[in-house]
Structure formats: C-alpha cells, structure tokens
Amino acid sequence: MFAAERRQLILEMVRANGAVSLRELARVVQTSEVTVRRDVRALEAEGLLDRRHGGAVLPGGFTRESGFPQKSHLATAEKTAIADLAAGLVEEGEAIVVGAGTTTQELARRLARVPGLTVVTNSLLVAQALAHANRVEVVMTGGTLRGSNYALVGSGAEQSLQGLRVSRAFLSGSGLTAERGLSTSNMLSASVDRALVQAAAEVVVLADHTKLGTDTMFQTVPTDVITRLVTDEPPGHDDRAATELQALADQGVQITVAGGAASPNSAPGVDSVPAGRQPRRDVPLPGQRRTHGAGPGQQLRSALLGEQPPGERAARVADLRRR
C-alpha cells in the first residue's frame with residue numbers, strides 16, 4: 001500500500017470512530033506502528049487529525065465521542081496506573097459512586113478487594129467487574145441502556161440518584177480543562193454524571209494526560225467542584241498537558257500523578273493541596289457505613305428511597321467531624 005493510500009485509510013478510520021489506537025491502525029493498514037506514527041504526524045501537520053498518546057482523534061477540541069472498543073485500546077498503561085492510585089483512596093466500609101468509562105472500569109476491578117464497600121453505578125462494565133466480589137455490594141441505577149459505553153442514562157438513572165449521599169464520586173470523561181472542568185461528548189451521559197456529582201461529598205476525576213486540555217461539548221463537573229484529579233505523568237514534550245495541570249492546581253484542584261509528582265511543583269509521590277484550599281465537602285453526609293446496626297446496604301437503600309432513619313444524620317455528621 002502506498003503512503004497516500006495508507007493515510008487516506010487512516011483518516012477514514014479516525015473519522016468513522018472518533019479515536020483509533022496506533023495498534024489498531026497498524027493492524028488495518030498492515031504495517032508497523034512506527035510507519036503509522038509517521039503517517040499520523042503527517043496528517044496532523046495538514047490539520048486533518050490530532051495525535052494523542054497511543055492513537056489519533058478527530059481534529060479540534062470538540063471531538064465526537066468514540067465507542068468503547070476504541071477507548072479500551074487508548075492509553076491502557078496510563079489507565080492502569082491511574083486506577084491503582086485511585087483505589088488507594090477508597091476505605092473499608094465506604095459508600096461511593098462510580099461513573100461509566102474505561103478508566104473507571106479499571107478502578108472497579110481493584111475495588112473488588114475492598115471489604116464492606118458499597119458501589120453505586122450506572123455502568124454495566126463497573127457492575128460486571130464487581131459482580132463476583134463477595135464483600136462488595138453493587139447498587140445499579142435505573143435508566144435506558146446506552147450501548148456505545150454500556151451505561152444507563154436518562155431520567156430513570158437520574159431519578160434513582162435523588163436523595164443519595166455518599167463520600168466520593170469517581171468520574172471520567174472525554175476532556176478536562178481548567179476553564180470548564182470535566183466534559184463529555186454526549187448530553188445524556190453528561191446529565192447522569194451531574195446527578196452522580198450531586199450525591200457525593202468529594203469528586204475525584206480520573207483522566208489520563210491525553211484528555212488534559214481537551215474540551216468537549218457538554219460540561220459535567222465544573223473545576224471548582226473537582227476535589228482531586230488522578231492522572232498520569234505527561235510526556236516531556238506534552239506542554240499542553242503540563243500547562244493544564246498547573247492551571248488546575250492553581251484553581252485548587254488536588255493533583256495526584258501516577259509515576260510522577262503530585263503536582264507540577266511538588267515532590268514525587270506526594271499529594272498536594274494548594275495553600276488555602278482543603279478538599280471540598282459540599283455534602284455534609286459522608287457514605288461511611290457502620291459495621292453494626294442496620295444490615296449491609298440498609299443505609300444506602302434508605303437514601304435511595306428518600307428515608308432518613310432517626311439519628312442517622314447526626315451520626316454521619318459526627319463521623320465526618322472525627323475524620
């Protein structure tokens with residue numbers, strides 16, 4: 001295949017899928033990843049696509065959403081490192097919400113080892129990853145199945161989250177900027193993610209460096225609501241990602257970087273909370289479950305049904321103050 005034919009086929013694949021990994025491109029055009037990388041670089045110089053670590057996407061900030069098969073092959077090592085770090089934030093007996101996405105799916109696989117955990121999710125992939133975890137209770141939202149990312153969306157999903165209170169929300173998305181925060185390319189997914197955020201005292205965003213500086217159509221989490229970003233260390237040549245990390249830190253987002261520094265100016269492996277900024281607790285009712293009294297999942301089910309057992313609010317507030 002001539003170079004012009006290869007590049008035309010590469011361009012058609014990216015336009016059809018939104019994002020394609022270098023590995024998949026090399027397989028389809030039957031050449032090496034080195035050659036494909038050279039072709040992608042040439043197409044980017046013409047403004048026909050944008051390079052990302054491990055793949056290529058449609059040009060411009062407002063990219064269309066790619067499906068799960070394409071996403072699952074992008075930045076796999078980075079997503080694994082991010083999931084490892086994020087899992088360390090979850091404590092025994094906690095109640096959390098986990099949104100849809102390939103990175104949150106990796107997180108769910110690691111959460112299976114956390115005893116007494118309750119996970120609320122709208123993602124079939126997250127639920128599947130936890131299905132055989134004996135000490136983890138999974139609560140799924142209602143809603144309509146969105147096949148492209150195996151997530152439940154719509155009014156049914158949003159209504160099932162009303163009245164819910166948990167300690168943390170773990171979310172991913174299509175892009176993250178200091179100006180707009182986390183965003184996604186689908187309106188229904190964005191609406192459910194916003195409902196997940198409303199249920200949580202803290203919001204943790206999981207985003208690899210390829211999403212930093214990328215802006216998509218629908219905002220899900222404004223920057224001032226994000227408590228922490230867990231990401232990977234950008235390559236030395238990726239000035240855009242490094243600049244965005246610094247801007248997020250300047251706005252008070254706590255940055256944790258897998259395999260690198262906690263923030264652009266911090267010592268390696270140390271979480272950084274900028275001066276004058278503490279982790280947000282907008283919702284005063286954490287989701288820490290107790291090991292006595294109500295049975296497993298009782299408090300969470302009560303929250304989903306809008307019930308408030310006597311004394312529960314005071315007990316939760318007292319537990320938050322002690323921590």
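Contact here means heavy atoms within 4.5 Å. Helices (H or I, at least four residues) and strands (E, at least two) are DSSP runs, numbered from the N terminus. Axes are lines fitted to C-alpha atoms, for helices over the stretch in contact, and angles run from 0 to 180 degrees between N-to-C directions.

The model is predicted: local features need pLDDT of at least 70, side-chain atom pairs count only at pLDDT 80 or more, and totals for chains, interfaces and linings use all residues. Residues are numbered from 1 along each chain as its sequence is written, and side-chain values use heavy atoms, with hydrogens and water left out.

**Stop 1: the sheet with E10, E11 and E13**

Select helix H9, residues 187-198. H9 lies across E11 and E13, at about 20 degrees to E13. Now show the strands beneath the selection. The order is E10-E11-E13, in an open sheet of 3 strands with antiparallel pairing. Two strands pair if DSSP finds at least two bridges between them. The edges are E10 (175-177) and E13 (218-221), each pairing on one side only. Neighbouring strands here are turned by 40 degrees against each other on average, direction ignored.

Zoom in on E11, residues 181-184. Its link to E13 consists of 3 bridges, and the two strands run antiparallel. Pick Thr 184 and look across to E13: Phe 218 stands opposite.

**Stop 2: the loops beside that sheet**

Select Asp 215 and Arg 180. Their side chains meet in a salt bridge, 2.6 Å from N to O. The term covers a side-chain nitrogen of Lys or Arg within 4 Å of a carboxyl oxygen of Asp or Glu. Asp 215 sits in the loop between E12 and E13, Arg 180 in the loop between E10 and E11; the pair links distant parts of the chain, 35 residues apart.

Colour by accessibility. Buried means under 20% relative accessible area, exposed over 50%, and partly exposed in between (1.4 Å probe, protein chains only). Asp 215 is buried at 14%. Arg 180, at 21%, is partly exposed.

Stay in the loop between E12 (200-206) and E13, and select Asp 208. Which side chain of opposite charge is nearest to Asp 208? Pick Lys 211, 4.4 Å away. Asp 208 is buried yet has no salt bridge. For charges, Lys and Arg count as positive and Asp and Glu as negative; His and the chain ends are not counted. Asp 208 does make a side-chain polar contact with the side chain of Thr 210, at 2.2 Å. A polar contact is a pair of N or O atoms within 3.5 Å; within protein, one must be able to donate a hydrogen and the other to accept it, and residues adjacent in sequence count only if both atoms are side-chain atoms.

**Stop 3: E4, E5 and E12**

Select strand E4, residues 95-98. Both faces are covered. Ala 95 and Val 97 are buried on one side, Ile 96 and Val 98 on the other. E4 pairs with E5 in the parallel sense, over 4 bridges.

Step from Val 98 to its bridge partner in E5, Thr 121. Thr 121 belongs to residues 117-121, the run of E5. Is Thr 121 buried or exposed? Thr 121 counts as buried because its relative accessibility is 0%. Beyond neighbours within four places in sequence, its contacts include Val 126, Ala 127, Val 138 and Met 140.

Next, pick Ala 201 in strand E12. Ala 201 is buried, at 3% relative accessibility. Draw a C-alpha distance to Ile 96: 9.7 Å in space, with the two positions 105 residues apart in sequence.

**Stop 4: the sheet with E1, E2 and E3**

Move to the open sheet with the order E1-E3-E2, 3 strands in antiparallel pairing. Its edge strands are E1 (19-21) and E2 (50-52), each pairing on one side only. The twist averages 25 degrees from one strand to the next. E1 and E3 (residues 55-57) share 3 bridges. Val 20 stands opposite Ala 56. Add helix H2, residues 22-29: it lies across E1 and E3, at about 75 degrees to E1.

**Stop 5: more salt bridges**

The whole structure holds 10 salt bridges. Select Arg 7 and Asp 39, whose closest N and O atoms are 2.9 Å apart. Arg 7 lies in H1 (residues 3-17) and Asp 39 in H3 (residues 33-45), so this salt bridge ties together parts 32 residues apart in sequence. Arg 7 is partly exposed at 26%, whereas Asp 39 is buried at 0%.

Finish on H6, residues 102-111, with Arg 109 and Glu 106. Their salt bridge has N and O atoms 2.4 Å apart. Select Asp 84 and Arg 110 too: these join Glu 106 and Arg 109 in a network of salt bridges.
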